[in-house]
Amino acid sequence: MILNIIKKIARNVPYSEIIYLNLNRLFNGKIFSYSSIGKKNISITKFSEKHHHIFFGYYDINPFNIDNTKILAIKTRSDTKKRAEIGFFSLNNPDEFFSISSTKSWCWQQGARLRWFDENNKKLISYNDFRDGKFINVIKNIENEDDERIISAPLYDISSDRKTGLSLNFSRLQRLRPGYGYSNIEDLTLENECPDNDGIYQVNLNSNKSKLIISYSDLLKEFPLDQDQDNTHHYFNHLSFNPSGNKFLFFHLMQHENGRTNRLFVFDINSKKILLLEDDLTVSHYTWRDDNNILITAVNKKVNKTYYIIYNTEKNSKKVLNHKYLNKDGHPTFLNDKSIIISDTYPDINNNQDLFYYNIEKNKYIKLGSFYKRYKYQGETRCDLHPRISNDSHYISFDSTHQGLRSQYVLKFKI
């Protein structure tokens, strides 16, 4: 009773949210607890550098090289308008950052779309940058700083054979979804709610030529919307190739006066056909299970429920995963065993974010750890865990602020 009264008072005073949060943490015994590990056979290593943020970015790219001796990272102080360093750590030396290059095109949520580029993840990396007034992608040799190749478009995703890239308007993305695009230049499509000359671009990485394959206006003609489109700004996000690279998924998002809505599509590279997979639920995150099945987190806003759903692109069907803990949005990734995922949660009432393992076939859930999200990181600068799995499925990389600044952590586990 007394606690409820204090909480009500806290909500109506300046800085009420932080006061309310710390009251909850105090009364729940969490005020001095910033992390916890769920199992004994887990170890965590922190990769950091004093006075700097060290992070990787989104969860849909693997930062580990093939033999788990190196892990890619971004190093910065705080401002996305300034250059950030691109480099790596040796897994056995978490205190020494090896700088390879730098970039002016990066953001807090997606990083610079940094990744290993060569087949064996040993020498070549790929990342986005801004040079001579244009967005580009750089393919660079980490052992020879003079050995680099420039792709004349920023890349969101790259096919597994490294022949095709996907690109979009990162300025438009940043304007409509801050923290996911780049702020180097103003969005030239600012006045156009649904451009016919902008959208998703396919980039031939051998010829260095790109072409518009899905425009906003063409998508709306083929898949019209029921609602009024006045004052609605359309944009694309979350482009992701399937393992073979012959399909990719994408989110079509609409920003309007009542908030944001979206739809989930899949594009077939060979047939050029577009499949609408979801336009009822609000899709949130994604991971390919195989070439035809996608795991999606989605929210039913009418009843305020979150689901983990597997969509089949051949049958255009979906199956909801039923488990009492799969009721919060997160960032899922499949292990090599395609019946197992790792994922995370957004902050709970105590601002703790959980990292977990889930076996679909056995319907088995294991919490691997819980990590406090520092309250000052909000909105565009928030820090989700964004768990990423190594090639051998024995390591998880994630970003966290539970020890102060953003740091990248590597969790070694055996289930």
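Biologist: Why is L405 called partly exposed?

Modeller: In this predicted model, L405 has a relative accessible area of 32%. Buried means under 20% and exposed means over 50%, so L405, at 32%, falls in between and is called partly exposed.

Biologist: Where in the chain does L405 lie?

Modeller: L405 sits in the loop between β28 (395-400) and β29 (407-413).

Biologist: Which residues is L405 in contact with, leaving aside its neighbours within four places in sequence?

Modeller: They are H51, H52, H53, Y377 and S400. A contact needs heavy atoms within 4.5 Å, so each of these residues has a heavy atom within that distance of one in L405. Take H51 as an example: H51 and L405 are 354 residues apart in sequence, yet 7.9 Å apart in space, C-alpha to C-alpha.

Biologist: Let's turn to the sheets. What makes β3 and β6 edge strands?

Modeller: Good one! The order of this open sheet is β3-β4-β5-β6, with antiparallel pairing. β3 (53-55) and β6 (93-103) each have a single partner strand, so one side of each is left without a neighbour in the sheet. From one strand to the next, the twist averages 35°.

Biologist: How do you know that β5 and β6 pair?

Modeller: Two strands pair if there are at least two bridges between them. Strand β5 (residues 84-90) and β6 share six bridges, in the antiparallel sense, so they meet that cut-off. You can look for G87, whose bridge partner in β6 is S99.

Biologist: What is the strand order in the open sheet that holds β19 and β22?

Modeller: That sheet runs β19-β20-β21-β22, again with antiparallel pairing. Its edge strands are β19 (282-288) and β22 (317-321), each pairing on one side only. On average, neighbouring strands here are turned by 30° against each other, direction ignored.

Biologist: What makes β21 and β22 a pair?

Modeller: Five bridges join β21 (residues 305-312) to β22 in the antiparallel sense. The cut-off is at least two, so they count as a pair. Y308, for instance, stands opposite L321 in β22.

Biologist: How many cavities of 30 Å³ or more does the structure hold?

Modeller: There is one. The largest cavity has a volume of about 40 Å³.

Biologist: What lines the largest cavity?

Modeller: Its lining is made of F55, G57, W108, Q109, R382, C383, D384, H386, D399 and R406. These divide into three nonpolar, three polar and four charged residues. Gly counts as polar and Cys as nonpolar, so G57 goes with the polar residues and C383 with the nonpolar ones.

How values were computed
Residues are numbered from 1 along each chain as its sequence is written. This is a predicted model: local features need pLDDT of at least 70, side-chain atom pairs count only at pLDDT 80 or more; totals for chains, interfaces and linings use all residues. Side-chain values use heavy atoms; hydrogens and water are left out. Helices (H or I, at least four residues) and strands (E, at least two) are DSSP runs, numbered from the N terminus. Axes are lines fitted to C-alpha atoms, for helices over the stretch in contact, and angles run from 0 to 180 degrees between N-to-C directions. On a 1 Å grid over the protein atoms alone, a cavity is a set of points where a 1.4 Å probe fits but cannot get out, and a pocket is an open set with protein on both sides within 12 Å along at least five of seven lines; lining residues have an atom within 4 Å of a point. Grid points are joined across faces, edges and corners, and a volume is the space filled by probe spheres set on the points. Buried means under 20% relative accessible area, exposed over 50%, partly exposed in between (1.4 Å probe, protein chains only).
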